[in-house]
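Colleague: I have a new model open and would like to walk through it with you. Shall we take it one question at a time?

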Amino acid sequence: MNGKKILKEAMILFIITLLSGLLLGFAYEVTKTPIAERQAREKQEAYQGVFAGAVFEEDEAVTAKLADAESILADAGITGVVVNECLAAKDNSGTVLGYVMSLSFAGSQGEITMAYGWNIDGSTMGIDILQSSETANLGSLADEPEFKDQFAQNTEKFALGDNIDQISGATVTSDAVVNAANGGMAFAAACAKGE
């Protein structure tokens, strides 16, 4: 091979790579807004699912408390859970009924993001899996009503084998969801107390 041929092939490869990169960048720009809108809509639907009939609003004190979420959860013995967002769930007159939040944590196959609803009386309204890469027909069953509906109860703590039945064959996922729900409960209770 001579130098001119190598240079020509390198230029062709460079142009193909450049065009491919530009097309991928264009595709990303075109799709990022619709994807973000769909994710926001799904999150709002999940919030309605875990706290039906409420209006969700940012609360200045709760938003400020997000910076301390890790230590609030650690004080409650909860680790590995991140509170991404917490909104006040209010009735039409503006009375705070409780809180909804988005929690992230590690499952058996990667990160899980979950919506969690908490009533001011201390009961959990429900959970909903927003995003998960758990194994089909095992960890993915955390988003099935048979599992997630168990969380709609008034308890001081969720525990597998006590008030929550484990997903058969998905111990890590079951433990992770229970831990996250306990974390959501601890954070919501701290918000309600104004700690």
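Colleague: Happy to start with one residue: is D128 buried or exposed?

Modeller: Keep in mind that this is a predicted model. The relative accessible area of D128 is 18%, and buried means under 20%. D128 is therefore buried.

Colleague: Which residue forms a salt bridge with D128?

Modeller: The partner sits in helix α4, while D128 is in strand β5, so the pair links distant parts of the chain, 20 residues apart. At 15% relative accessibility, this partner counts as buried. The closest N and O atoms are 2.8 Å apart, and the residue is K148.

Colleague: Which residues are joined with D128 into one network?

Modeller: Salt bridges that share partners build this network. One member is the K148 we just met, in helix α4. Together with D128, the network holds K148 and D143.

Colleague: Where else do side chains of opposite charge pair, say between E57 and another residue?

Modeller: A search of the whole structure finds six salt bridges. E57, partly exposed at 35% relative accessible area, lies in strand β1, and its partner lies in strand β2, so the pair ties together parts that are 33 residues apart in sequence. That partner is buried, with a relative accessible area of 14%. The N to O distance is 3.1 Å, and the partner is K90.

Colleague: And how far apart in helix α1 are E42 and R38?

Modeller: These two form a salt bridge, with the closest N and O atoms 3.1 Å apart. E42 counts as partly exposed at 35% relative accessibility, and R38 counts as partly exposed at 35%. Along helix α1 they are separated by about one helical turn, being four residues apart.

Colleague: Now the sheet: which strands stand at the edges?

Modeller: The open sheet has five strands in the order β1-β2-β3-β4-β5, with antiparallel pairing. Each edge strand has a single partner strand, so one side of each is left without a neighbour in the sheet. The edge strands are β1 (55-57) and β5.

Colleague: How many bridges join β4 to β5?

Modeller: Strand β4 covers residues 111-119 and β5 covers residues 124-131, and they run antiparallel. Among the partners, G117 is matched with G126 in β5. In their hairpin, which has four residues between the strands, G122 takes a positive phi near 100°. The number of bridges is six.

Colleague: Which residue has a positive phi although it is not a glycine?

Modeller: Most residues other than glycine have a negative phi. The exception here is in the loop between β5 and α4 (145-148), and it is exposed, with a relative accessible area of 62%. With a phi of about 65°, the residue is N137.

Colleague: Which element gives the largest share of the largest nonpolar core?

Modeller: The core has 37 residues, of which Y99, M101, M114, F151 and F187 touch the most other members. The elements giving two or more residues include α3 (69-75), β2 (81-90) and β3 (96-106). The largest share is eleven residues, and the element is α5.

Colleague: Last one: how much accessible area does the nonpolar patch on the surface have?

Modeller: The patch is formed by L7, M11, F14, I15, L18, L19 and L22. Of these, F14 has its place in helix α1 (residues 3-50). Together, the patch residues have an accessible area of about 720 Å².

Note on methods. Residues are numbered from 1 along each chain as its sequence is written. This is a predicted model: local features need pLDDT of at least 70, side-chain atom pairs count only at pLDDT 80 or more; totals for chains, interfaces and linings use all residues. Side-chain values use heavy atoms; hydrogens and water are left out. Two strands pair if DSSP finds at least two bridges between them. Buried means under 20% relative accessible area, exposed over 50%, partly exposed in between (1.4 Å probe, protein chains only). A nonpolar core is a set of buried Ala, Val, Leu, Ile, Met, Phe, Trp, Tyr and Cys residues joined through side-chain atoms within 4.5 Å. Patches are made of residues with over 30% relative accessible area and no salt bridge: like charges are joined within 9 Å, nonpolar side chains (Val, Leu, Ile, Met, Phe, Trp, Tyr) within 5 Å. Accessible areas come from the Shrake-Rupley method with a 1.4 Å probe; for residues, only the protein chains shown count as cover. A salt bridge is a side-chain nitrogen of Lys or Arg within 4 Å of a carboxyl oxygen of Asp or Glu.
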